[in-house]
Amino acid sequence: MSAILPPGELMAEYIEVAMREAVYELLEDDGSHYGEIPCLPGVYANADSLEECRLLLKEVLEGWIILGLELEHTIPVLQSIDLTPKEKTI
């Protein structure tokens, strides 16, 4: 099975919108940065710096979308951006 990916522009826009929903915190126990996108369960990252955390979170998000599409999971609609594959009509 291979993922039916949405057009690149649509996916890029979705990622941009999702990343604006990200929240970050500095963890006191080890000084690392934790980031997550609360509206997208399982999309989180942890890194030594805030910038590293942002980059890693974006990578996690991209993989989460691709895997979700591959497994035919429902990807939440964000700001009316719907990544659900559309049925082709002949």
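**What packs on H1**

Colleague: Let's start with the inside of this thing. What covers the buried residues of H1?

Modeller: The cover includes strand S1 (23–26) and helix H2 (50–70). Keep in mind that we're looking at a predicted model.

Colleague: Fine. Which residues of H1 are buried?

Modeller: Buried is a matter of relative accessible area, and the cut-off is under 20%. In H1 that picks out Met11, Tyr14, Ile15, Val17, Ala18 and Met19.

Colleague: And how do I check that H1 has the span a helix should have?

Modeller: Use the rise of 1.5 Å a residue. H1 covers residues 8–20, 13 residues, so the expected span is 18 Å; the end C-alpha atoms sit 19 Å apart, which agrees.

Colleague: Zooming out, which pattern does the protein chain follow along the sequence?

Modeller: It reads α-β-β-β-α, with 2 helices and 3 strands in the chain. As for burial overall, 29% of the 90 residues count as buried.

Colleague: What share of the contacts comes from residues 24 or more positions apart?

Modeller: Take the contacts with a separation of 6 or more: residues at least 24 positions apart account for 41% of those.

Colleague: What about the surface: how much area does the protein chain expose?

Modeller: About 6,200 Å², with carbon and sulfur atoms supplying 55% of that.

Colleague: Now charges. How many salt bridges does the structure hold?

Modeller: The general idea first: side chains of opposite charge can pair when their charged atoms come close. Here there are 2 salt bridges. One joins Arg20 and Glu16, at 3.6 Å from N to O. These two are 4 residues apart in helix H1, so about one helical turn separates them. Both Arg20 and Glu16 are exposed.

Colleague: Which side chain does Arg54 meet in a salt bridge?

Modeller: That of Glu51, at 3.7 Å from N to O. Both lie in helix H2, 3 residues apart, again about one turn of the helix.

Colleague: Why does Arg54 count as partly exposed?

Modeller: The class runs between the buried limit of 20% and the exposed limit of 50%. Arg54 has 35% relative accessibility, so it lands there. Glu51 is partly exposed too, with a relative accessible area of 45%.

Colleague: Over the face of which residue does Arg54 lie?

Modeller: Tyr24, with Arg54 at 5.4 Å from the ring centre. So look at Arg54 from two sides: it meets Glu51 in a salt bridge and sits over a ring, which means its CZ is within 6 Å of the ring centre.

Colleague: And how many aromatic pairs does the structure hold?

Modeller: Just 1.

Note on methods: Residues numbered from 1 in each chain as written. Predicted model: local features only at pLDDT ≥ 70, side-chain atom pairs only at ≥ 80, totals over all residues. Heavy atoms only, no water. Phe/Tyr/Trp six-rings, centres within 6.5 Å; stacked < 30°, edge-to-face > 60°. Lys NZ or Arg CZ within 6 Å of the ring centre and 35° of its normal. Expected span 1.5 Å × (residues − 1). Buried < 20%, exposed > 50% of the residue type's maximum accessible area, 1.4 Å probe, protein only. Contact = heavy atoms within 4.5 Å. Areas by Shrake-Rupley, 256 points an atom, 1.4 Å probe, with all protein chains shown as cover. Salt bridge = Lys/Arg side-chain N within 4 Å of Asp/Glu carboxyl O.
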